[in-house]
Amino acid sequence: MKTYIEDLNKAFESRIRLGIMSILMVNDSVDFATIKELLDITDGNLASHISALEKLEYLKVIKQFVGKKPNTSYSITKQGRKAFTNHLDALEKLLKNRA
Amino acid sequence: MTENNKHLENLSEIRTLMEKSSRFISLSGLSGVAAGLFALSGIVAAYLYLPTVMKSGEYYKAAFTDNGEINFQFFSFFIVDASIVLLGSIVFGIYFTVRKSQKKQQAIWDNTSKRLLINLSIPLVTGAIFCFVLLYHGLIGLIAPATLIFYGLALINSSKYTLNDIRYLGIIEVILGLISSFFIGAGLLFWAIGFGVLHIIYGIVMYNKYEK
């Protein structure tokens with residue numbers, strides 16, 4: 001019997017990364033402060049997870065100016081969407097098979 | 001087993017974050033109940049203040065006097081009455097929603113609430129302008145149906161950005177508005193149903209479903 005465990009994406013093992021991806025899945029783009037508030041974590045913690053996901057090209061960074069203030073927001077990439085959907089499918093199958 | 005629990009927990013967390021980040025879920029059912037009560041008392045006030053006009057079944061004809069001039073008593077009363085209803089609904093609506101957002105730990109002024117307000121406003125402002133157009137052409141009787149129709153469309157349009165249940169309230173308001181446009185004399189009765197009774201029922205249902 002296949003266990004599906006190998007289908008789980010290692011990149012999403014951390015709950016924070018799961019959280020970031022969940023938020024980006026349903027929004028066109030989200031800024032740093034909003035993600036931070038929703039996940040209730042520190043700047044440094046969030047930044048390191050974001051840069052890890054960026055390296056995998058699961059999200060892209062959008063830098064722009066709102067008035068004179070720099071504003072950084074993030075949006076999910078095609079690969080990111082695909083990887084996250086696959087991960088969710090694998091989670092679902094895993095749970096169904098064990099139930 | 002603990003492994004399973006961990007995955008289940010992850011899944012429910014994913015769902016919560018998706019909801020919380022894209023929909024304004026703090027809209028309180030009690031806001032609906034308050035709006036409904038204000039609407040009903042506004043209509044009761046109209047019957048008390050203008051009993052003969054209201055009972056004639058053609059209240060809207062009183063907007064103009066027999067020689068075609070604007071009836072100021074009629075208009076000033078309705079403007080004051082409607083402003084109190086609107087203001088009361090908004091103040092209490094905000095109060096109950098702020099209270100719920102504190103409980104839910106969702107920010108009251110963030111992207112989700114902004115998006116909700118923008119998408120609610122587009123059909124609502126269009127409707128308001130259209131009602132002035134009706135007024136301009138002297139088609140007073142169609143104003144009440146038009147408010148119901150545009151309000152319903154506003155709710156349907158904003159349902160993607162808050163609790164989805166609001167969609168059904170919107171559909172009922174639109175149907176009610178369309179029916180009432182055939183029975184122009186009964187405009188205020190339809191108003192009482194659409195803005196009063198429906199809001200109260202909807203508010204109670206939402207309160208029981210999400211806030212108990």
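Two residues are in contact if their C-beta atoms, placed from the backbone, lie within 7 Å. Keep that cut-off in mind on this tour of a predicted model.

**Stop 1: B:Phe190**

Select B:Phe190 and leave aside its neighbours within four places in sequence. The residues in contact with B:Phe190 are then B:Ala144, B:Leu148, B:Leu176 and B:Ser180.

Now widen the selection to the largest nonpolar core, which has 31 residues. B:Phe190, B:Leu148 and B:Phe150 are the residues with the most contacts inside this core. To see where the core comes from, colour helix 2 (29-49), helix 4 (72-104), helix 6 (143-158), helix 7 (166-180) and helix 8 (187-211) of chain B; each supplies at least two of its residues. Which helix gives the largest share? Helix 6 of chain B does, with 10 residues.

A second core, separate from the one above, has 22 residues. Among them are A:Phe12, A:Ile20, A:Phe84 and A:Leu88, so select these four to find it.

**Stop 2: helices 5 and 6 of chain B**

Stay with helix 6 of chain B and add helix 5 (residues 111-136) of the same chain. Their axes come within 8 Å and cross at roughly 165 degrees. Angles over 145 degrees count as roughly antiparallel, which is why helix 5 of chain B is described as roughly antiparallel to helix 6 of chain B. The crossing of these two helices is right-handed.

To see the side chains where they meet, pick residues on both helices. On helix 5 of chain B, they include B:Leu116, B:Leu120, B:Pro123, B:Gly127 and B:Phe130. On helix 6 of chain B, they include B:Ile143, B:Thr147, B:Phe150, B:Ala154 and B:Ser158. Sorted by class, the residues of this contact are 15 nonpolar, six polar and no charged.

**Stop 3: chain A**

Hide chain B and look at chain A. How many helices and strands are there in chain A? There are four helices and three strands, and from the N terminus on they run α-β-α-α-β-β-α. Taken along the principal axes, the C-alpha atoms of chain A fill a box of roughly 60 × 25 × 20 Å. Chain A has 99 residues, of which 27% are buried. Among its contacts between residues at least 6 apart in sequence, 55% join residues at least 24 apart.

**Stop 4: where the chains touch**

Show both chains again. On the chain B side, 15 residues are in contact with 16 residues of chain A. Helix 1 of chain B supplies the largest share of the chain B side, 12 residues. By class, that side has six nonpolar, six polar and three charged residues.

Next select helix 1 (residues 15-25) of chain A with helix 1 (residues 2-22) of chain B. They pack at an angle of about 40 degrees, their axes 8 Å apart, and are therefore oblique to each other. Their crossing is right-handed. On the chain A helix, the contact is made by A:Arg15, A:Leu18, A:Gly19, A:Ser22, A:Ile23 and A:Met25. On the chain B helix, the residues are B:Asn10, B:Glu13, B:Ile14, B:Leu17, B:Met18 and B:Ser21. This contact has six nonpolar, four polar and two charged residues.

**Stop 5: B:Glu9**

Finish in helix 1 of chain B, at B:Glu9. Is B:Glu9 buried or exposed? A residue counts as exposed if 12 or fewer other C-beta atoms lie within 10 Å of its own. B:Glu9 has 11, so this residue is exposed. For a last step, draw a line from its C-alpha atom to that of B:Lys61: the two residues are 52 apart in sequence and 62 Å apart in space.

Methods:
Residues are numbered from 1 along each chain as its sequence is written. Chains are lettered from A and ligands numbered from 1 in the order in which they are written. This is a predicted model: local features need pLDDT of at least 70, side-chain atom pairs count only at pLDDT 80 or more; totals for chains, interfaces and linings use all residues. Axes are lines fitted to C-alpha atoms, for helices over the stretch in contact, and angles run from 0 to 180 degrees between N-to-C directions. Angles under 35 degrees count as roughly parallel, over 145 as roughly antiparallel, 65 to 115 as roughly perpendicular and the rest as oblique. A crossing is left-handed if the near helix is turned anticlockwise from the far one by less than a right angle, and right-handed if clockwise. Ala, Val, Leu, Ile, Met, Phe, Trp, Tyr, Cys and Pro count as nonpolar, Asp, Glu, Lys and Arg as charged, and the others, Gly among them, as polar. A nonpolar core is a set of buried Ala, Val, Leu, Ile, Met, Phe, Trp, Tyr and Cys residues joined through C-beta atoms within 7 Å. A residue is buried if 20 or more other C-beta atoms lie within 10 Å of its own, exposed if 12 or fewer, and partly exposed in between; C-beta atoms are placed from the backbone.
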